[in-house]
Amino acid sequence: MSLALRRSALQSGPVKEATGPSTSRGATRGQVDAAVRSGLLSGRFIPGKAVTIRGLAAELGVSPMPVREVLQRLAAENALEVKPNGRVQVPDMTPARFDEVLKARRLLEPELAELALPHLTSRDAKDLQSIDDDIDQRLISGDAEAYMRLNHAFHFRIYRASGSKVLLPLIDSLWLQFAPFMRTVYGRVGTASLEDRHKEAIRAIEEQDSAALRAAIEADITDGMGLLGKEILSNASGG
């Protein structure tokens, strides 16, 4: 079963094909890359389900070539996997893989948040508060897809302020790996009972308290992804 992006949710129209030489082709590839990454981060791609090059190309209104290049790149980042028969899919989540991704997030994200803190201002705190207010509404309404999009926006509004050329790409890759699985989790348990530590993080930014920010980010990861994901995997394995 192939999966396609819902065009209306990702972009206002099809990606424009290259009309000139390599620069236009690069722009098209960049747009396809952004669309597929958005689909992964919002959980439109489900673990274990195939992603077809032709299906995505048709949905996005482009030729197969930029789609193939993007999928190959995402496979190199472990966000997708290529089977021996050439089938491309979102990897299934296993307990061992989950534990490794969770550990990596808990190690890297508090560190990056601390690096970002000196560059975050009161204006950033207000913008983060606005995002978090929107998140609260989505949790109540049960809109898991919008919640995931906004939760990503919240965290990466903090992380990008660091300007890191090393940690930021690593964390971006980790989010691509766990997001599709977490979307299936939210589909099972809903969103009304989800809790986060965003308000503690915002307060730490306002007070420029690095220890508090690290603690808020780590607790957010552990209480969000950690507890729910472990419970679902444990139930699935009969543990």
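Buried means under 20% relative accessible area, exposed means over 50%, and partly exposed covers what lies in between, with a 1.4 Å probe and protein chains only. The model is predicted, so local features need pLDDT of at least 70 and side-chain atom pairs count only at pLDDT 80 or more, whereas totals for chains, interfaces and linings use all residues. Residues are numbered from 1 along each chain as its sequence is written, and side-chain values use heavy atoms, with hydrogens and water left out.

**Exercise 1.** Determine which residues of helix H6 are exposed and how its buried residues are arranged about the axis.

Solution. Begin with the element itself: helices (H or I, at least four residues) and strands (E, at least two) are DSSP runs, numbered from the N terminus, and H6 covers residues 122–141. Its 20 residues reach 29 Å from the first C-alpha to the last, close to the 28 Å expected, where the expected span is 1.5 Å times one less than the number of residues. Next, list the buried residues, which are Asp-124, Ala-125, Asp-127, Leu-128, Ile-131, Asp-132, Ile-135 and Leu-139. Seen down the axis of H6, these buried residues fall within an arc of 160°, so they line one face of the helix; the arc is that of the directions from the helix axis to the C-beta atoms. On the other side of H6, Ser-122, Arg-123, Lys-126, Ile-140 and Ser-141 are exposed. Finally, among what covers the buried residues of H6 are H7 and helix H9 (198–207), contact being heavy atoms within 4.5 Å.

**Exercise 2.** Classify the aromatic pair formed by Phe-156 and Trp-175, and place it in the structure.

Solution. A pair of aromatic rings is described by the distance of the centres and the angle of the planes. Rings of Phe, Tyr and Trp (its six-membered ring) pair if their centres lie within 6.5 Å, and planes under 30 degrees apart count as stacked, over 60 as edge-to-face and the rest as tilted. A search of the whole structure finds five aromatic pairs. For Phe-156 and Trp-175, the centres are 5.4 Å apart with 85° between the planes, and the pair is edge-to-face. Phe-156 lies in helix H7 (residues 144–159) and Trp-175 in helix H8 (residues 167–189), so the pair ties together parts that are 19 residues apart in sequence. Phe-156 is buried at 1% relative accessibility, and Trp-175 is buried with a relative accessible area of 4%. As for the surroundings, 13 of the 16 residues of H7 are buried, so this helix is largely enclosed by the rest of the structure. Ring pairs also link Phe-156, Tyr-159, Trp-175 and Phe-178 into a cluster.
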